[in-house]
Amino acid sequence: MKRAAFAIHPTPVGDALLIFSDAGLAALDIIDDGDDVTALLLGAENRLGMPVEHDEQAAAAVTTQLDEYFAGERRDFDALLDLTGTTEFGTRTLEQITRIPYGQTASYGEIAMRAGKPRAARAVGSICATTPISIVVPVHRVVRSDGSVGQYGRHPEAKAFLLDLERESTD
C-alpha cells in the first residue's frame, strides 16, 4: 500500500505542516495552536487516498528551502507538487501563480486571465484561499485589483509578512 509522509517545521509565520506523496509536496499549511493536526492529516489522507505517516526525512529538502526563503536567500522553490484533487482550472491557476516573480504581485483578475477565464477573479480568490500548498505556491503574491493585500486563508497577517519579506529582500 502506498503511503504519504508528513512533518511539522517551524517558520516565522507559524509551524508549517508539510505533507508529501510519491508525486511531491501535497500540502503546506500554517497551523495554529488550536488546529486539530489529526483532522488535517485525515483530510490529506482522504484527498490523497493513502495513509499519512510522520517522516521528518521526507521533508528535509523542502524545509531547507523554506529556511533559505525566510532568510532571504531563496526566491524560488524547486519542489515537485502533488495537486491531487485540484480541478483543471485550479491547476492552471496555481501554475500561473507560481510564475509571479519574487517580490511582485498580480491581481486575482490578472491570474484569471492568464489561466484562461478572464471573468473568474472570484474563483481565483477561492482557489488561493483553499489551495493545500501555500508559500511554495506563492498565493500570497495574489492581491486585490486595487493593490490591497486581501485575505490569506486564516492568516492575513502572514500574507503581509511574506510580502514585506520579499519586498525587503529585493531592495
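Is Glu166 buried or exposed? I began with this residue of the predicted model. Glu166 is found in helix 6, and I recorded Glu166 as buried, because its relative accessible area is 1%.

**Entry 1: surroundings of Glu166**

I listed the contacts of Glu166, setting aside residues up to four places away in sequence. Glu166 touches Tyr69, Tyr102, Gly103, His140 and Arg141. I then examined the contact with Arg141, and found that the two side chains meet in a salt bridge, with 2.9 Å from N to O. The pair links distant parts of the chain, 25 residues apart: Glu166 belongs to helix 6 (residues 156-170), and Arg141 to the loop between helix 5 and strand 6. I checked the partner as well: Arg141 has a relative accessible area of 4% and is therefore buried.

**Entry 2: other salt bridges**

How many salt bridges does the count come to? I obtained five salt bridges. I noted the general point that side chains of opposite charge can pair when their charged atoms come close.

I looked at Arg3 and Glu53, which form a salt bridge whose closest N and O atoms are 3.1 Å apart. This pair also links distant parts of the chain, since Arg3 is in the segment before strand 1 and Glu53 is in strand 4, 50 residues apart. Arg3 counts as partly exposed, at 40% relative accessibility. Glu53 is partly exposed too, with a relative accessible area of 39%.

I next took up Arg167 and Asp164, whose side chains meet in a salt bridge at 3.0 Å, N to O. Why are Arg167 and Asp164 separated by about one helical turn? I attribute this to their being three residues apart in helix 6. I recorded a relative accessible area of 40% for Arg167, which is partly exposed. Asp164 is likewise partly exposed, its relative accessible area being 35%.

**Entry 3: the sheet and its helices**

In what order do the four strands form the open sheet? I read the order as 3-2-1-4, with mixed pairing. The edge strands are strand 3 (24-30) and strand 4 (52-54), each of which pairs on one side only. I found an average twist of 25° from one strand to the next.

I followed strand 1 (residues 4-9) and strand 4 in detail: they run parallel and are joined by three bridges. Ala5 stands opposite Glu53 in strand 4, and Glu53 is the residue I had already recorded in a salt bridge with Arg3.

I then looked up the helices against this sheet. Helix 1 (residues 37-48) packs on the sheet and touches strand 1, strand 2 (16-21), strand 3 and strand 4. The direction of helix 1 makes about 25° with that of strand 2. Helix 2 (residues 60-70) lies across strand 1, strand 2 and strand 3, and runs at about 140° to strand 2.

**Entry 4: helix 3 against helix 5**

Two packed helices are described by the angle between their axes and the distance between the axes. For helix 3 (residues 88-97) and helix 5, I noted an angle of about 80° and axes 10 Å apart. The two helices are therefore roughly perpendicular to each other.

Which residues of helix 3 meet helix 5? I listed Phe89, Gly90, Thr93, Leu94 and Ile97 from helix 3, and Ala123, Val124, Ile127 and Cys128 from helix 5. I divided the residues of this contact into seven nonpolar, two polar and no charged.

**Entry 5: Val142**

Val142 lies in strand 6. I recorded Val142 as buried, because its relative accessible area is 0%. Leaving aside neighbours within four places in sequence, I found Val142 in contact with Ile97, Ile100, Ala106, Ser107, Tyr108, Ile111, Cys128, Val149 and Lys159. Of these contacts I looked further at Tyr108: the C-alpha atoms of Val142 and Tyr108 are separated by 6.0 Å, although the residues are 34 apart along the chain. Ile97 and Cys128 are among the residues I had listed for the meeting of helix 3 with helix 5.

**Entry 6: a backbone angle**

Where is Ile135 found? I located Ile135 in the loop between helix 5 (121-130) and strand 6 (142-143). The phi of Ile135 is near 65°, a positive value in a residue other than glycine. I also noted that Ile135 is buried, because its relative accessible area is 2%.

Methods
Residues numbered from 1 in each chain as written. Predicted model: local features only at pLDDT ≥ 70, side-chain atom pairs only at ≥ 80, totals over all residues. Heavy atoms only, no water. Buried < 20%, exposed > 50% of the residue type's maximum accessible area, 1.4 Å probe, protein only. Pairing = 2+ DSSP bridges. Axes fitted to C-alpha atoms, helices over the stretch in contact; angles between N-to-C directions. Contact = heavy atoms within 4.5 Å. Salt bridge = Lys/Arg side-chain N within 4 Å of Asp/Glu carboxyl O. Parallel < 35°, antiparallel > 145°, perpendicular 65-115°, else oblique. Nonpolar A, V, L, I, M, F, W, Y, C, P; charged D, E, K, R; others polar.
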